[in-house]
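Trainee: I should like to request a close look at the aromatic side chains here. Could you guide me through how their rings are arranged?

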Amino acid sequence: MTAIAAGERVRPRASRDHWAMAAALVLIAALLVIFVALPLYTLLSKSFENADGGFVGLANFSKFLTTPALSISISNSLQIALAASFITTSLAFVYAYAITRSQMPLRALFKGLALLPLLAPSLLPGISLVYLFGNKGLVKEWLMGESIYGPIGIVMGEVFYTFPHAVMILVTALSITDGRLYEAAEVLGAGTVRKFFTVTVPAVRYGLVSAFFVVFTLVVTDFGIPKVIGGNYNVLATDVYKQVVGRNDFQMGAVVGMILLLPALLAFAVDRLVQRKQVALLSARAVPYIAKKSPGFDFAVLAFCAVVSLAILSMFAMAACASFVKLWPYNLELVWKHYDFDLTDGGSWTSFWNSIEMSALTAIFGTAVVFAGAYLVEKQTGFKKLRGVVQFLCMIPMAVPGLVLGVAYIFFFVDQANPLHVLYHSMAILVINTVAHFYTVAHLTAVTALKQMDGEFEAVSASLQVPVWRTFRRVTVPVAMPAILDISLYLFVSAMTTVSAVVFLYSPNTTLASVAVLNMDDAGDVAPAAAMAMMIVYTCIAVRLAHAVLSRAVLARTQAWRRR
Amino acid sequence: MAHGADRKKPYLRIEGVNKSFGSFHALKNVTLDIAEREFVCFLGPSGCGKTTLLRAIAGLDIQTTGRIFQAGRDVSALPPSARDVGIVFQSYALFPNLSVIDNVGYGLARRSTTRESRRGRVAELLALVNLGEHGAKYPAQLSGGQQQRVALARALATSPGLLLLDEPLSALDAKVRQYLRGELRALQRKLGVTTVMVTHDQEEALTMADRIVVMNAGAIEQVGTPAEIYGTPSTAFVADFIGAMNFLPASVSGAGRARIEGLELHVPALNGTVMGTEITLCCRPEDIVPADDGAANAFDTKISAIEFLGPNLRATLVPKDAASRSLTAEFSATQSRRIGIALGGTLRVAMPGDRLHVFARR
Ligand SMILES: Nc1ncnc2c1ncn2[C@@H]1O[C@H](COP(=O)(O)OP(=O)(O)O)[C@@H](O)[C@H]1O
Ligand SMILES: [Mg+2]
């Protein structure tokens, strides 16, 4: 018998590549554990502790539920979220239906307009609504005596803020319907209405459910709009802020955070389920549905889309106007002074540059970590268990609202005993938190791009004895470049506009533009707040355009092979 | 196999290799020797473990137990980068963002010292696979057959001792496939590189291989030259899988004799088998011949169906003495004209004893 006896398990000798990959995988896993799992664990344990760290079971929860002022927030939050979800989903459905199922002109433009709110912080609709319907509002008579400060304002703002998310989900759901079903229905003599209810609705019902839950979660966990326009109307999201930032009551903050996690987890579960069902709907032989021309219908949906887009645009226009006008509505002289943020209490140009820095760092480091992580999970063999763990950790952020993550971060990093306490109040913690917050969507984008690549590149490279990182650099990254650019754009814009997590984490040296909007508005400097919100919008638009130009240039250079 | 034993020391030796995926046993005790410069085909139905065995040889998915030696070296546990193999994958896995030249030269970057020698080697390889003028193109600009040759050149660039091909021709259309078979085989002869090719296409294996390894459900059924595999299949599976074959249930009726219903045949292969044993008799359609009166194993049949195949004619024959059985026979067009084959007519045929194969009844 020689070295290995027959029947004895072969123990593969690991290559240098193998060890390098293992190290990288362990590193990614450690980062995700430290910056996602541990903070959430701290939040969980805080909600079961008293102020001195002793275990008190459910005492905090029962205290919360029996304090009328606090528990009323639950019912408020639910009402707002149900109303907003219902309105947004309905509007978005008709809008998405028009884009995908009609022959109305300018469909691409309307699709682009629907996505505009993604480029603004959620505070912007709050501010614009005040200008439009507030005490001195332009069209306040439209409310027929009702006040915009409170549920009405919140719901209107939330509809604006969540509209693009719902439209994206429903456009996807509507575009994957099999055109053959309609032909079949027609042959069977089904009328338009009958077709709609027997073919369209069943096919998109998963999309509708998913959109509803996503909007619901966004609304329940959004903090900007209720803060700006909510008046005395308390919701869960503003409660967290008050408990944690206002009263330093971490236990109560943790309880609300845990409660906010519930709808998000539910939405996440529903979304996963829906995705699985939706994939099954489209068989390989399905044909895309091509809408027929129908002048009456096309005109009706065109009118609808025009009204909705106008409403969206008017929110931007209102904020832009307010930022340039001396004193709305009394003195309409055009001035620059609202952009001189250094004169206000709540913010400064430094905040804006901080935001740019934070977003750029998030885009650069976030994209690098996300893409490397996705590559390790998707393209390496071996370490099955570890890869499974990393994959799971990558999905967690999707189920955690920014607000909850922000609170979890404070609890975790404020602790002097934590060696990572040095990060507290630094720019780094803002960057890390933002990457963690938006990790899942970025990860899934990278995974999709990697899945489209041939699965044997790594095997070819190993058999040619080329180190794996060389193939990663020379082949994987260039081929995935379009996705990499998309990920960095997504991270940059998200970092620019986010408020919910970072509002707990900034320090006097690291104030951010979005937080400055909040603080200026709070201090009564509403016009400068509008100006700062618009600065964020301008930046996002500029970056979006730069992304388009850059993508084209990079595509021309590295993807010449795509042209045949 | 006597054939393998009198060869010199094998270049590749596979010894008792097993591979399991969880509880699924994908390779079962595979033992095989491959000589230097040999062209060996792994042939078997889809899912029988051909790719799994190939990947074990390459070190991509190392076997659970058993050993593999290459050129006398125990490579059982080594990663692909420490072995001496070139691989062409079923998908070719060409790098889409690199030109043909860069694809072919991909494995050379570290090896050839100078840029000039590298460029020279790539040019040489491209000439070898007849792609000299396509070097600047990207893979997407090439036809399937050209892509296949780029993948081949890339695998050969580092002059590996062993070339592994996983269904290299299966993605191509029939004409190109036919042409590339010859090209590939000629190239392999010229370079003298030991080659293992996986295929599920028996015609491909029969026309290209020095030796064929027929696999079924993770195990080797038979190893032999194409003529051996076709002419003397050693198991019913091989008999059935390779070419067309008539399967006839029979029982041993005497020394070297077997009976199919009322029909008794002389079967030399049966000597020594116990009377009454249930067996399966096999005969290829082309081995059923029109019989003269005195021929051995001759019997009368009725022609129940005729199929025109171009150069050949396929007839379904029902023996008069075994009316519940039917046989498929193939005759050349000229032959069938001479003997006058017509639907519903009768024909006297013979199954020569030395062309009959015997398998135990399962
Ligand atoms: N990574 C794997 N995990 C589990 N089962 C596998 C894996 N790879 C192959 N198999 C199974 O092993 C069997 C042999 O596969 P393969 O070697 O690819 O067959 P083929 O002969 O068609 O190349 C198949 O049943 C396949 O499902
Ligand atoms: Mg295979």
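Aromatic rings in chain A

Mentor: Let us begin with Trp349(A), which counts as partly exposed because its relative accessibility is 24%, and the partly exposed class lies between 20% and 50%. Please keep in mind that the model is predicted. Phe352(A), by contrast, is buried, since its relative accessible area is 4% and buried means under 20%. Both residues belong to helix α13 (residues 349-379) of chain A, and because they are three residues apart there, about one helical turn separates them.

The next pair consists of Tyr409(A) and Phe413(A), whose rings are tilted, with 5.2 Å centre to centre and 50 degrees between the planes. These residues also share a helix, α15 (residues 402-413) of chain A, in which they are four residues apart, about one turn. Tyr409(A) is buried, because its relative accessibility is 0%. Phe413(A) is likewise buried, with a relative accessibility of 0%. The two residues are part of one aromatic cluster, together with Phe35(A) and Phe412(A).

Over all chains, the count comes to 25 aromatic pairs. Among them is the pair of Trp349(A) and Phe352(A), which is edge-to-face: the ring centres are 5.5 Å apart and the planes make an angle of 85 degrees.

Rings may also have a charged group over them. In chain A, Lys46(A) lies over the face of Phe411(A), 5.9 Å from the ring centre. In chain B, the charged end of Arg284(B) sits over the ring of Tyr230(B), at 3.8 Å from its centre.

Note on methods. Residues numbered from 1 in each chain as written. Chains lettered and ligands numbered in written order. Predicted model: local features only at pLDDT ≥ 70, side-chain atom pairs only at ≥ 80, totals over all residues. Heavy atoms only, no water. Phe/Tyr/Trp six-rings, centres within 6.5 Å; stacked < 30°, edge-to-face > 60°. Helix = DSSP H or I, 4+ residues; strand = E, 2+ residues; numbered from the N terminus. Buried < 20%, exposed > 50% of the residue type's maximum accessible area, 1.4 Å probe, protein only. Lys NZ or Arg CZ within 6 Å of the ring centre and 35° of its normal.
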